[in-house]
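Me: Please take a close look at one part of this predicted model. I would like one connected account of a loop residue and the helix that comes before it.

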Amino acid sequence: MRIYLAGICQESNTFCPRLTTVGNFKRGLWLQGNEILERLARTNTEIGGALSLLHLHGGVDIVPGMAAWAMASGPLTRATLEVFAAALIGSARNALPLDAAFVSFHGALVAEDEEDCEGFLLEQLGSVLGKGVPIVCTLDYHGVLTRRMLAAADGFVAYRTYPHVDLAETGQRAVRLLFERLSRGKPIPYIYRRLPLILPVDNTETSSGPMADALQILGRLDRLPKVYSWSLLCPHPWLDLSQHGVSVIVYLENPKDTKAEQVIQHLQCFLWENRLAFFQELPDIGSVLDSLPSRLKPIALVDSGDVITAGGTGDSTVILRALLDRRPEASCILPIIDPQTVELAFHVGKGQTSIFHPGGDSGSFSARDPVEAKVCALSNSIVPIRTGAFAGLEGNPGRRAVLCSHHGPTLVVSEFTSPIHDPAFLRSLGLEPEGYELIIQKSHKLFKPGYQNIVRSSLSLNTPGFTDPNIRRLPYLRVPRPIFPLDCDMVWSLR
Ligand SMILES: [Zn+2]
């Protein structure tokens, strides 16, 4: 049996003006053929998990096609989407005949003129594979599952954790669903529901709070016979898409199963009735700095408006400005993305002091202020990812510099956005994260597995940017209306 394996993943952010090109994926991950097996086996990725199961099945011939991954950013250019369509179709066509396909997607891949790239790519792939050849896909918990995607593939399986740590497990669940589909010889029925609800990311962790309760409700499906897979999707808010909204997808033998229907309706009602519990007011940086003496430290502070793993540009200086103004006694380390400052630091040289104007490149949310700092370290090494999502892979932040300011934080300035949520990022520059009392983070939650033994507390800040945590402030035009919290007085009920 020949099973085709592919992946195209990016968490697009439709509010970020920086379009994504092939170059973003080349800096992230761009693998073809056997490179996929060599690089992704034994990694905490969906394909890594799929490989671990497929290798156990005698008689399965794994046919690796292509795998690409890029950091979150603005929508893809049309040309980039065309490149992917050609690469996917080309590698699948060359591998024919195929019996099935496993595709790793995010669910939030958007192009400048195509809001449902996964749906588009699945239709293209299906036309090459031929009728009746099953396709099963993995999705991020923050993805959007559309009607077009559902029509174009046989199964969708999403992460069940946030912070995401079950990427490989999700790949394995998808492979099990694929084998179920193959053994049936026909599509598995499903129940799909979408709620008119956009949730924030801050209080939607899966191990505690209201989302943990929601998943516990859905988990009751595991006790029912012939329920093959369930997933809850909680799309991230920085997507202005016509099918936005929290959704649930359940694959089961009988779509009229009343017990399964009861569980799903219970989940829908629970989410709706508890919708306000997901929304929490975040503090601003000023009030947090004022209350620092009484806070548990080391503390991780999340720059929520400029989260690079959700499409922030990483160059906001809002927190830097506050630190320079207030000069807290606590030692602080702050990452920032700014190729111009990196260039200057390399020009100035290690051990030298100069005036830098870090950040502020995207212009909209932050200004460039002068900072006198010494260049304490320079590097252009690749950074290993040891914990959480993508563990086993490497990040490429490009060249980077450690700037030790005289009256402010230590700055770690990189050329490009990359997965910097693992403490290995700081260690790659000779820095020990344990040595800082304030550690500014540019990921919402991904840093938590790696920093759980380093920080004693963490807090998300109300900061502006392309990942603004205030959903009602975002300039949506296409999301279906009414939808909560944009239409906060709307009424919803089970029909
Ligand atoms: Zn996610």
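Reply: L98 is buried, since 20 other C-beta atoms lie within 10 Å of its own, and a residue counts as buried from 20 such atoms upwards. Its place in this predicted model is the loop between α4 and β4 (100-105). Leaving out residues up to four places away in sequence, L98 touches R2, Y4, V63, A92, L129 and V133. L139, by contrast, is 41 residues from L98 along the chain, and the C-alpha atoms of the two are separated by 22 Å.

One of the contacts of L98 is A92, and A92 is also among the buried residues of α4, together with T80, L81, F84, L88, S91 and A95. These buried residues cover an arc of only 110 degrees around the axis, which puts them on the same side of α4. The general background is that an α-helix has 3.6 residues a turn, so residues three or four places apart point the same way. The helix itself, residues 78-95, has 18 residues and reaches 26 Å from its first C-alpha to its last, close to the 26 Å expected at 1.5 Å a residue.

As for what surrounds the helix, the buried residues of α4 pack against β1 (2-9), α1 (22-28), β3 (61-69) and α5 (117-129). The face turned away from this buried side carries the exposed residues A79, E82, A86 and N94.

Note on methods: Residues are numbered from 1 along each chain as its sequence is written. This is a predicted model: local features need pLDDT of at least 70, side-chain atom pairs count only at pLDDT 80 or more; totals for chains, interfaces and linings use all residues. Helices (H or I, at least four residues) and strands (E, at least two) are DSSP runs, numbered from the N terminus. The expected span of a helix is 1.5 Å times one less than its number of residues. A residue is buried if 20 or more other C-beta atoms lie within 10 Å of its own, exposed if 12 or fewer, and partly exposed in between; C-beta atoms are placed from the backbone. The arc is that of the directions from the helix axis to the C-beta atoms. Two residues are in contact if their C-beta atoms, placed from the backbone, lie within 7 Å.
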